[in-house]
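Here's a friendly walk through a structure you may not have met before. Take a look at the sequence and the model, then read on for some places to visit.

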Amino acid sequence: MSEVLVLVETSGSTVRIPSLELLTLARRLGEPSAVLFGSPEDSVVAALAEHGATTLYAVPAPEMEEFLSLPKAEAVTDLARRLSPTAVFITSSPEGKDIAARVAVALDSGIITDAVDVTSEDGDVVATQSIVAGRFVATTRVVRSPAVLTFRPNSVEPSPAPSSATLETVDLSVSEVARGARVVATTPKESTGRPDLTDAAVVVAGGRGVGSAEGFAKVESLADALGAAVGASRTATDVGWAPHESQIGQTGKTIAPALYVAAGISGAIQHRAGMQSSKTIVAVNKDPKAPIFGIADFGVVGDLHTVLPALTEEIVRRRT
Amino acid sequence: MKVVVLAKYVPEPTATWAFEADHTLARESVEGRLSELDEYAVEQAVRLKEAGAADEVVVLTVGPAKAVDALRKALAMGADRAVHVSDEAIAGSDALGTSRVLAAAADKEGFDLVLTGMASTDAEMSVMPSMVAARLGLPQATFAGALSVEGGTATISRDLDTATTEVTVTLPAVISLTDQTDEARYPAFKAIMMAKKKPVETRSLADLGIAAGDVGLEAAGTSVLSIAPAPQRQAGTIITDEGDAATQLADFLAARGFLR
Ligand SMILES: Cc1cc2nc3c(=O)[nH]c(=O)nc-3n(C[C@H](O)[C@H](O)[C@H](O)COP(=O)(O)OP(=O)(O)OC[C@H]3O[C@@H](n4cnc5c(N)ncnc54)[C@H](O)[C@@H]3O)c2cc1C
Ligand SMILES: Nc1ncnc2c1ncn2[C@@H]1O[C@H](COP(=O)(O)O)[C@@H](O)[C@H]1O
């Protein structure tokens, strides 16, 4: 059976949800094996086996984190050369794109980024992408394997398919070229305690209409009442009302939560590119002509400064 | 120090897009421009020159005849020279093919630093910087939110989900810049006029020593089967707040199972 090399990411003792999605998709093409950096905890090995991974290639290399994505790309390239998999699956993220790009050049492989679906047709990998800010859907066949694919998070519901996984440790030596870019300082960000924006089932986002940093507290209160992550338009992050990592859109995150609430966001094409795959969209905007209403399942023409707090109160009341 | 900026000619984001029968974008008929995300790279390159860190800024594009408009814009922003790689055989190239051409053209030009945007606003792949770096055998640093250069080393910062990091990069290298770097300038009328006199060199595949069969639609590692308009989302219920919007909204959320 053909092998699909899946790059998995962990966060402490758990496997990140997008990685479980990759394993779920990989099973459509063959037998997934997982590649992970660091030494996996037992719970990680168990979760990967639970989702169908039959081999687990662990690359410990402690010094790797010092050198951006190149050592990881080199490790994946070496493994792909040795194993000749049908495909290499990676999550779409800045690092994922770097790795995919390097691997594709090294192997002269067909590469597809931001795929949302995949199938096998006559033995070839065929992927679906949402392109041009979500305006078109493209299906593309990979004609030179291994197919190198990056997938958007939330493309599929992760599902288990228990197997038993054997663990293999892979040595890595960091090349001279990879040593050319070195991380010299890291300043951790304070955790908000809210769900991760890319994994969150519910997202409440604010834009220019929120008006001020203080106004953003109304967005956060509603998010907390819904157990949601907080998002923002670029305008809101540019002026510093919300941190950059909460930006949604073409140059921010692409998300597809079950519920997206947009408050004081006009719905520019670059913003819609990041959120229009949300299952349910709610918009609060005082301008009835705001483009966001064109894609909203429920829209309120009104002032977010009164609607948001009233909604937060109503939700809290109904839940107690 | 010589800086080469990779800048792409892309359709206006608001334009109506059309595709040819072979599923490639109809680049000649759709109104185009210098990718807004590449303006940030041009801006940073010009600032390096203004600060005395760079001696020359060359802007490089691979694209159709009209791509020269993008080069003129970059020249008006302050780039010194432009290189336009244009060849019928390049049409339909995938990222592998385009990176082959860009790397060869940058190599022929010579550079200490290659700057790029974070993504092209049409293909939106964010792979070209890494691909070009891979082909040139160079280190890379992608998604830089700030850049400075001193004595053969570039220092960048990256704004990540859980941390901000500072990275030093030994030159020569390829660095991609995000829209978090400072705003790009609007060229003044005088600069636009002066840009018309700046040199734009055109290069063919033969000039770069690339065989026609190594790029283009036929050499691509992927083949597009279909491109269709995405299903349109239907607009739902829109109400005007008359004091009870919160109640109606809560009812809607409850009906969809979000208040359990
Ligand atoms: C290359 C490029 C990339 C970009 N990438 C992104 C991206 O990733 N993400 C992104 O979001 N944008 C991006 N943008 C910017 C985008 O084009 C828009 O400028 C931006 O999304 C607008 O943000 P906004 O909706 O918050 O602001 P505006 O467009 O100014 O809209 C504010 C809205 O708030 C409403 N409002 C005002 N007051 C109230 C009130 N009291 N109550 C209710 N409603 C109110 C107004 O009616 C208006 O509709 C990008 C642009 C470019 C050129
Ligand atoms: N045809 C091209 N000509 C010049 N630069 C390009 C071209 N395609 C991509 N680039 C550069 O590579 C970056 C990333 O592009 P992409 O990988 O297509 O998202 C862009 O921001 C440009 O700087």
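Let's begin in a loop of chain A. Pro146(A) sits between strands β9 (136-142) and β10 (147-151). The peptide bond that leads into this proline, coming from Ser145(A), is cis, and its omega is near -5°. Keep in mind that you're looking at a predicted model.

Chain B has a cis bond to show as well: Leu171(B) and Pro172(B) are joined by one, with omega at about 0°. Again the proline is in a loop, and for Pro172(B) the strands on either side are β10 (163-170) and β11 (173-177) of chain B.

**Two positive phi angles**

Back in chain A, a couple of backbone angles deserve a look. Ser84(A) isn't a glycine, yet its phi is positive, at about 45°. You'll find Ser84(A) in the loop that runs between helix α3 (70-83) and strand β6 (87-91). Asp108(A), another residue other than glycine, has a positive phi near 50°. Its loop lies between helix α4 (94-107) and strand β7 (111-121) of chain A.

Are these residues buried or exposed? Ser84(A) has a relative accessible area of 57%, and the cut-off for exposed is over 50%, so Ser84(A) counts as exposed. Asp108(A) comes out at 29%, so it falls in between and is called partly exposed.

Now look at Ser109(A), which also belongs to the loop between α4 and β7. Its relative accessibility is 0%, and because buried means under 20%, Ser109(A) is buried. Here are the three serine and aspartate residues of these loops together:

| Residue | Relative accessible area | Class |
|---|---|---|
| Ser84(A) | 57% | exposed |
| Asp108(A) | 29% | partly exposed |
| Ser109(A) | 0% | buried |

Which residues does Ser109(A) touch, once its neighbours within four places in sequence are left aside? In chain A the contacts are Ala104(A), Arg144(A), Ser145(A), Pro146(A) and Val148(A), and from chain B there's Leu96(B). That brings us back to where we started, since Ser145(A) and Pro146(A) are the pair joined by the cis bond.

**A cavity**

How many cavities of 30 Å³ or more does a search of the whole structure find? The search turns up one. The largest cavity holds about 30 Å³ of space. Around it you'll find Pro18(A), Glu21(A), Leu22(A), Leu25(A), Thr91(A), Phe151(A), Arg152(A) and Pro153(A). By type, that lining splits into five nonpolar residues, one polar and two charged. Helix α1 (residues 17-26) of chain A gives the most to the lining, with four residues.

**Chain A as a whole**

Time to step back. Chain A has eight helices and 17 strands. Its C-alpha trace spans about 60 × 45 × 40 Å along the principal axes. For 320 residues, a compact globule would have a radius of gyration near 20 Å, and the 21 Å of chain A agrees with that.

Of those 320 residues, 57% are buried. Take the contacts in chain A with a separation of 6 or more: 64% of them link residues 24 or more positions apart. As for the outside, the accessible surface of chain A is about 12,100 Å², and carbon and sulfur atoms account for 50% of that area.

Methods: Residues numbered from 1 in each chain as written. Chains lettered and ligands numbered in written order. Predicted model: local features only at pLDDT ≥ 70, side-chain atom pairs only at ≥ 80, totals over all residues. Heavy atoms only, no water. 1 Å grid on protein atoms, 1.4 Å probe; cavity = no way out; pocket = protein on both sides within 12 Å on 5 of 7 lines; lining within 4 Å. Points joined across faces, edges and corners; volume = space filled by probe spheres on them. Nonpolar A, V, L, I, M, F, W, Y, C, P; charged D, E, K, R; others polar. Rg over C-alpha atoms; globule rule 2.2 N^0.38 Å. Buried < 20%, exposed > 50% of the residue type's maximum accessible area, 1.4 Å probe, protein only. Contact = heavy atoms within 4.5 Å. Areas by Shrake-Rupley, 256 points an atom, 1.4 Å probe, with all protein chains shown as cover.
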